[in-house]
Amino acid sequence: RPGGPRSRGAPGADVEVEVDIPFAMAILGGSRPVSVDLDGRIEQIAMKVPPGLKHGARVRIPGKGMPGRQGGPPGDLYVFIEVAEHAFFRRDGNHLSCDVPLNFTTLALGGSIDVPTLDGNDAFKVPEGTQSGTVFRLRGKGMPDVSGRGRGDLFFTVQAVTPKKLNRDQRAALEQLSKTL
């Protein structure tokens with residue numbers, strides 16, 4: 001009837017897909033194509049990946065699901081994110097952790113080391129007498145927060161590395177040291 005309420009068609013169904021992204025994309029963000037099967041028709045949809053996206057996160061892309069019926073609106077596309085693990089860093093929320101191998105002389109005497117971070121190496125002063133297994137923190141060197149509010153921290157554990165082979169002078173020096181400890 002003219003001027004009366006119009007009947008709306010039924011909205012389309014939502015569609016869910018899983019997408020793998022590399023760890024670097026979870027850090028920096030970017031764009032990734034997503035293949036979606038819509039009633040036998042494969043469509044490529046560009047998905048924006050915000051920096052700091054977590055494993056298991058869900059990204060909603062409105063209007064990219066199944067088409068509506070009888071003029072109804074299309075459903076939404078829900079993309080579930082699988083973030084690949086990193087070979088060196090471990091992630092816990094926005095914080096990262098890693099192990100940094102050091103020789104025992106650096107642990108005993110202290111000294112400057114380079115700590116790998118997402119932004120390259122950061123110089124760090126190891127205090128004298130540090131024990132293997134000690135955890136240090138670098139503030140603001142973790143993952144970016146997906147909402148854009150800062151970054152998490154990087155926690156690194158120093159691990160003593162014992163030399164497998166010593167030359168004669170090194171062995172003599174260590175034997176002399178062991179007599180004084």
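## The four-stranded open sheet

In this predicted model, strands E6, E7, E11 and E10 form an open sheet in that order, and their pairing is mixed. Strand E6 (90-92) and strand E10 (135-138) are the edge strands, each of which pairs on one side only. On average, neighbouring strands of this sheet are turned by 30° against each other, with direction ignored.

At one end of the strand order, E10 pairs with strand E11 (residues 154-161) in the antiparallel sense. Four bridges make up this pairing. Within the E10 and E11 region, valine 135 has threonine 157 of E11 standing opposite.

## Overall architecture and dimensions

The protein contains three helices and eleven strands. Along the sequence these elements follow the pattern β-α-β-β-β-β-β-β-α-β-β-β-β-α.

The radius of gyration of the protein is 27 Å, whereas a compact globule of 181 residues would have a value near 16 Å. The C-alpha trace spans about 100 × 30 × 20 Å along its principal axes. Of the 181 residues in the protein, 34% are buried. The protein exposes about 11,800 Å², and carbon and sulfur atoms supply 51% of this area. Among contacts with a separation of 6 or more, 52% are between residues 24 or more positions apart.

## Strand E5 and its partners

Strand E5 (residues 77-83) has five buried residues out of seven, so the strand is largely enclosed by the rest of the structure. The assignment of these residues as buried rests on a relative accessible area under 20%.

Two pairings of E5 can be described. Strand E1 (residues 15-21) pairs with E5 in the parallel sense over seven bridges, and glutamate 16 stands opposite tyrosine 78 in E5. Strand E4 (residues 58-61) and E5 run antiparallel and are joined by four bridges. In E5, valine 79 is the residue that valine 59 stands opposite.

## Loop residues with positive phi

Aspartate 39 is not a glycine, yet its phi is positive, at about 55°. This residue is found in the loop between strand E2 (30-38) and strand E3 (41-49). Aspartate 39 counts as exposed because its relative accessibility is 63%, and the cut-off for exposed is over 50%.

Glutamine 70 likewise has a positive phi of about 55° and is not a glycine. The loop between E4 and E5 holds glutamine 70, which leads in sequence to the enclosed strand E5. With a relative accessibility of 77%, glutamine 70 counts as exposed.

## Salt bridges

The count of salt bridges comes to eight. One of them joins the side chains of glutamate 43 and arginine 41, with an N to O distance of 2.6 Å. Glutamate 43 has a relative accessibility of 26% and therefore counts as partly exposed. Arginine 41, at 46% relative accessibility, also counts as partly exposed.

A further salt bridge is formed by the side chains of arginine 90 and aspartate 99, at 3.6 Å from N to O. Arginine 90 is partly exposed, with a relative accessible area of 41%. Aspartate 99 is partly exposed as well, with a relative accessible area of 32%.

## A salt-bridge network

The side chains of lysine 141 and aspartate 119 meet in a salt bridge with an N to O distance of 3.9 Å. This pair links distant parts of the chain, the two residues being 22 residues apart. Lysine 141 lies in the loop between E10 and E11, and aspartate 119 lies in the loop between strand E8 (111-117) and strand E9 (120-126). Asp119, Asp122, Lys141 and Arg151 are joined into one network by salt bridges that share partners.

The loop that holds lysine 141 connects E10 and E11, which pair in the antiparallel sense over four bridges.

Key
Residues numbered from 1 in each chain as written. Predicted model: local features only at pLDDT ≥ 70, side-chain atom pairs only at ≥ 80, totals over all residues. Heavy atoms only, no water. Pairing = 2+ DSSP bridges. Axes fitted to C-alpha atoms, helices over the stretch in contact; angles between N-to-C directions. Rg over C-alpha atoms; globule rule 2.2 N^0.38 Å. Buried < 20%, exposed > 50% of the residue type's maximum accessible area, 1.4 Å probe, protein only. Contact = heavy atoms within 4.5 Å. Areas by Shrake-Rupley, 256 points an atom, 1.4 Å probe, with all protein chains shown as cover. Salt bridge = Lys/Arg side-chain N within 4 Å of Asp/Glu carboxyl O.
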